[in-house]
Amino acid sequence: MKKILSFLFVILCLSANAQFVDDFSDGDLTNNPEWIGDVSKFTVVSGELRLNDLGESASSYLSAYAPTKDSSNWEFYVRLDFAPSTSNYTKIYLTSSASDLGGTLNGYYIRIGESGSNDALKLYRQTGTSSSLLITGTAAAVGAAPAIARVKVTRSSAGDWEMYADYTGGTNYTLEGTANDDTHSTGNFTGVWCRYTSTRGDEFFFDDFRIDPLLDDTTPPTLLSVEAIDGENIDVRFDEPVSSATAENASNYSLTDGVSVNAAMLDDADPTLVHLSLGTSMTSGVTYTLEVSNVQDLGGNPIAMATQNFTYFESEPVSANDIIINEIFADPSPKLGMPSAEFIELYNRSEKIINLRELSFSTGSTPQTLPNRLLFPNEYIIICDLDDETDFSVFGDVAAIASFPAITNNGDDLLLSNTAGDVIDVVSFTTEWYKDTAKSDGGWSLE
């Protein structure tokens, strides 16, 4: 009976993208629907999705494309064969703007297991890397081993949320709580994220995912950007996930000036990003045009033709003092017209075109590699945390990193180094540099 129902669900899922259904009875994570992420760390056992990663403490995720409207219904089954904790817990993402459920995203998720959680199901909103609690379910309902729940969540177009659960795993749902939140009206992905210790990596089980209705996608993807990584590799980004079959067809891309595209590869973690390998090297300083056609989104909508110009510049090796730390914002409190976040500013004082990815920044902890970004002679650029990129962009060019190293307010050693570990610039500042007691108390930068 389960196989028959699964077949009917797949037919419905293919019909106008009306709903998303997977009960894993086909044992397949690659088709109808296609799951992406840490696929090798999951398996299907007896018609259930199971984490299968014993031996080390880690986190893993799976996600699938499921574009949702501002009003949707979600259902799923989860079983954890242990008592959940801060070391072993899961997040079931109802909807997410990004496929990488361990990264920066906008969306909503159910969490099972956390400190001070009173062992309850909890519905969260996530914005960037920050989460806000919306609904707390019945205390101690998922605190013992095994923790079992079949969950149903509804959201109206007005942002009214309702969370239901049946802690026997059946469908006799009880209302667990309500909330109102319309921060993120739509999303593109659903999935699971698991955090586990070395002995719990095979004790997470999931089943019976259902989302209804899905957003009816009739718009083809848009070509957002083309970026030359080096002379023989280009990154192409679209505004939505694209199908691997069409995105990895090299004949769907062409370049001017006789440069051929040898291969195309969809990024493993980001289905909006395609990596192109070229047959011949591009020439520095030349402007090229990339043409893209027939690349489809996951709803089957193809790009008829899109073009974008870009100029390739060959970067040069960076040496000591080519780039210097030009400004430091160590203490953003009190707020005096600046964002409430730390930053540094870099200045290219050389005659070279330098790629920032050759540099790392640290304040005594693990060096953080800077983004793939060219810095031209006499240019300045702000380096900040990814969460603060928008706030700083009004002040100039920004290159954001996922984890900006914390700067000690009363003085610190700031180090800029290259990939070989050579020092490019170092600044050791103290509060005496402000030469003003009021300014050294915070809210002012050192330039």
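Pro213 is located in strand S14, which spans residues 204–214. In this predicted model, the peptide bond that links Asp212 to Pro213 is cis, with omega at about -5 degrees. Strand S14 also holds Asp208, a residue other than glycine whose phi is positive, near 55 degrees. Asp208 has a relative accessibility of 25% and therefore counts as partly exposed, since the class of buried residues ends at 20%.

Further backbone features of these two kinds occur in loops. A cis peptide bond runs from Ser333 to Pro334, with omega near 10 degrees. Pro334 is placed in the loop between strand S22 (323–329) and strand S23. Asn32, which is not a glycine, adopts a positive phi of about 45 degrees. The loop that carries Asn32 lies between strand S1 (20–22) and strand S2 (35–37). With a relative accessibility of 43%, Asn32 is classed as partly exposed. These features merit mention because most residues other than glycine have a negative phi and most peptide bonds are trans.

A positive phi is also found in a hairpin. Strands S3 (residues 42–45) and S4 (residues 48–51) pair in the antiparallel sense through 4 bridges. Within this pairing, Val44 has Leu49 of S4 as its bridge partner. The hairpin has 2 residues between its strands, and Ser46 takes a positive phi near 50 degrees there.

The loop of Pro334 leads to a sheet in which both flanking strands take part. Strands S22, S23, S28 and S29 form, in that order, an open sheet of 4 strands with mixed pairing. The edges are occupied by S22 and S29; each has a single partner strand, so one side of each is left without a neighbour in the sheet. On average, neighbouring strands of this sheet are turned by 25 degrees against each other, direction ignored.

The pairings can be followed across the sheet from S22. Strands S22 and S23 run antiparallel and are joined by 6 bridges, and Ile324 has Tyr347 in S23 as its bridge partner. Strand S23, which covers residues 343–348, is in turn joined to S28 by 4 bridges, again in the antiparallel sense. In this pairing, Ile344 stands opposite Ile383 of S28. The pairing of S28 with S29 (residues 398–401) comprises 4 bridges and is parallel. Here, Ile382 stands opposite Val398 of S29. Strand S28 comprises residues 380–385, and 5 of its 6 residues are buried, so S28 is largely enclosed by the rest of the structure.

At the level of the whole protein, the model contains 4 helices and 31 strands. The radius of gyration is 25 Å, which agrees with the value near 22 Å that a compact globule of 447 residues would have. Along the principal axes, the C-alpha atoms fill a box of roughly 70 × 60 × 45 Å. Of the 447 residues, 47% count as buried. Contacts between residues at least 6 apart in sequence were also examined, and 59% of these join residues at least 24 apart. The exposed surface of the protein amounts to about 19,800 Å², of which carbon and sulfur atoms supply 46%.

Note on methods. Residues numbered from 1 in each chain as written. Predicted model: local features only at pLDDT ≥ 70, side-chain atom pairs only at ≥ 80, totals over all residues. Heavy atoms only, no water. Buried < 20%, exposed > 50% of the residue type's maximum accessible area, 1.4 Å probe, protein only. Pairing = 2+ DSSP bridges. Axes fitted to C-alpha atoms, helices over the stretch in contact; angles between N-to-C directions. Rg over C-alpha atoms; globule rule 2.2 N^0.38 Å. Contact = heavy atoms within 4.5 Å. Areas by Shrake-Rupley, 256 points an atom, 1.4 Å probe, with all protein chains shown as cover.
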